[in-house]
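Here's a quick briefing to read alongside the model. Have the viewer open as you go through the points.

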Protein chains: 2
Amino acid sequence: MPQIGALLRKLIADGQVSDPASPRGKLLAAAAKLFRQNGYAATTVRDLGAEVGILSGSLFHHFKSKEEILFGVMSEVVVAMEAALRAALSEAHEPRAAVRALIATELAFIHGKTSNATAVLLYEWRALNSSRQAQILTGREAYFAMWQQTLKAAQQAGLVAVEPEYLRQLIHGALTWTAVWYKPSGALSLDGLADRCLLMALSERP
Amino acid sequence: MPQIGALLRKLIADGQVSDPASPRGKLLAAAAKLFRQNGYAATTVRDLGAEVGILSGSLFHHFKSKEEILFGVMSEVVVAMEAALRAALSEAHEPRAAVRALIATELAFIHGKTSNATAVLLYEWRALNSSRQAQILTGREAYFAMWQQTLKAAQQAGLVAVEPEYLRQLIHGALTWTAVWYKPSGALSLDGLADRCLLMALSERP
DNA sequence: ACTATTACCAAGCAAGCGCTTGGTTTAAAA
DNA sequence: TTTTAAACCAAGCGCTTGCTTGGTAATAGT
């Protein structure tokens with residue numbers, strides 16, 4: 001199980017992710033919350049200002065535009081997800097454990113402390129102009145490559161029946177959708193949820 | 001395989017779904033297209049009017065508000081989906097075929113002629129106020145119940161390993177996400193896609 | 001032919017939108 | 001103590017938004 005908290009702190013120290021104590025960090029956190037809650041288009045810069053306790057115009061001292069705030073939320077979570085998955089995979093020494101690392105890492109982002117930003121990344125990327133969409137996509141390439149490589153290894157080990165390129169998208173969809181229905185406070189733990197996902201993804205039973 | 005086209009015609013005759021030749025039907029189709037393409041919030045009533053060739057103010061002769069147009073798009077596809085699934089299940093006489101009917105029907109809606117309205121239903125329901133959200137949810141209860149019942153039967157037949165209530169959500173997520181990545185014009189046919197989904201959903205191999 | 005209904009246009013209003021500008025406060029560096 | 005830069009306020013501009021109003025064609029029923 002990857003310790004995302006410690007990893008985030010390292011990324012903050014490296015300057016790859018904004019310090020949540022800084023004005024920029026606070027603003028991004030507030031934006032992630034509101035964008036997730038009400039959607040990007042339905043969130044006004046006045047809402048954003050009120051959430052952090054400043055006037056709307058003052059936002060533009062930190063960001064050039066509202067869309068740049070959205071882009072900031074997304075690109076930081078992209079960086080964090082890649083680092084987290086890389087760390088988790090480095091501790092998985094067999095195909096089955098590696099597939100579980102894929103699932104557990106994504107679930108940790110969807111339902112952990114970064115859940116707001118992750119949800120925004122998954123559900124609001126259409127709000128970016130095409131140039132910034134392409135940037136986000138480029139930033140996610142390494143992440144997708146790790147999925148592809150892991151699932152290919154699982155296939156060669158005879159663990160999965162569906163072709164990796166399709167299975168990747170199907171699992172990804174199943175995990176993404178948990179943001180809509182799964183409540184961590186309910187009867188099913190995050191680990192239990194990961195178990196079910198793994199059970200569905202793999203054709204060979206333990 | 002359900003014949004959705006014929007089924008839609010029956011629903012139109014019954015008055016449960018708007019005739020696509022009527023002004024209301026044309027408007028709903030145009031709205032589904034634009035809401036899917038650009039999102040509900042980013043679509044203006046002027047865009048909508050231009051799409052059907054009338055001025056924006058004239059829209060309000062047919063609908064009381066923009067949100068009511070969105071609600072119209074959603075509630076009609078809800079009705080059609082339930083009817084389609086009911087018809088498909090009535091032809092499936094064993095658990096495995098029934099599960100395939102669930103998958104094939106949902107895929108048919110996501111990627112067939114009703115793809116725009118279906119995508120809007122799946123991705124824009126947050127744009128409704130809570131009262132209308134509740135109405136849509138009520139309208140989908142029968143649909144979800146058929147899923148639940150079918151998966152429970154599959155479980156009792158030893159076909160699936162994951163509990164029906166979780167499996168339902170996981171499959172639903174995987175199918176929903178195909179709207180983002182799957183192209184019917186590509187190498188994988190809709191039937192092939194359904195095969196992969198079934199392969200992933202079931203733990204017993206044919 | 002007359003009537004009623006449906007479908008639309010032309011014009012615009014009030015409100016809210018993202019963002020700008022010029023200036024003030026705060027706090028750290030020199 | 002002076003300088004410099006970051007953070008923010010106060011006010012509002014130009015534009016777009018959903019929607020309204022009063023009136024005119026078109027269509028269909030009788």
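Let's start with DNA strand C: a backbone N or O atom of Val45(A) sits 3.0 Å from one of its phosphate oxygens, which fits the cut-off for a polar contact (a pair of N or O atoms within 3.5 Å; within protein, one must be able to donate a hydrogen and the other to accept it, and residues adjacent in sequence count only if both atoms are side-chain atoms). Keep in mind that this is a predicted model, where local features need pLDDT of at least 70, side-chain atom pairs count only at pLDDT 80 or more, and totals for chains, interfaces and linings use all residues. Residues are numbered from 1 along each chain as its sequence is written, chains are lettered from A and ligands numbered from 1 in the order in which they are written, and side-chain values use heavy atoms, leaving out hydrogens and water.

**DNA strand C**
- There are 17 residues around DNA strand C, and the closest are Thr44(A), Val45(A), Lys66(A), Leu55(B) and His62(B); "near" here means that a heavy atom of the residue lies within 4 Å of the strand.
- Chain B reaches the backbone of DNA strand C too, with a polar side-chain atom of Ser58(B) 3.0 Å from a phosphate oxygen.
- For a base contact, look at His61(B), which has a polar side-chain atom 3.5 Å from a base nitrogen of DNA strand C.
- Sugar or phosphate supplies 54% of the atoms of DNA strand C within 4 Å of the protein, and bases supply the rest.
- The surface near DNA strand C breaks down into five nonpolar, nine polar and three charged residues; Ala, Val, Leu, Ile, Met, Phe, Trp, Tyr, Cys and Pro count as nonpolar, Asp, Glu, Lys and Arg as charged, and the others, Gly among them, as polar.

**DNA strand D**
- DNA strand D has 17 residues around it, with Leu55(A), Thr44(B), Val45(B), Arg46(B) and Lys66(B) coming nearest.
- Of the atoms of DNA strand D within 4 Å of the protein, 55% are sugar and phosphate.
- Two phosphate contacts to check: Ser58(A) puts a polar side-chain atom 3.1 Å from a phosphate oxygen of DNA strand D, and Thr43(B) has a backbone N or O atom 3.4 Å from one.
- Arg46(B) goes for a base instead, with a polar side-chain atom 2.9 Å from a base oxygen of DNA strand D.

**How the chains relate**
- Chain B lands on chain A after a rotation of 180 degrees with 0.0 Å of shift along the axis (RMSD 0.0 Å), superposed by least squares on the C-alpha atoms of residues with pLDDT of at least 70 in both.
- That makes the relation one of a two-fold axis.
- In chain B, Ala174(B) has the C-alpha nearest the axis, at 2.2 Å.

**Core and cysteines**
- Ile103(A) and Ile103(B) have the most contacts inside the largest nonpolar core, which has 141 residues; such a core is a set of buried Ala, Val, Leu, Ile, Met, Phe, Trp, Tyr and Cys residues joined through side-chain atoms within 4.5 Å.
- Cys197(A) counts as buried because its relative accessibility is 3%, buried being under 20% relative accessible area, exposed over 50% and partly exposed in between (1.4 Å probe, protein chains only).
- Over all chains there are zero disulfides, a disulfide being a pair of cysteine sulfur atoms within 2.5 Å.
- The sulfur of Cys197(B) is 15 Å from the closest cysteine sulfur, in Cys197(A), so that is too far for a bond.
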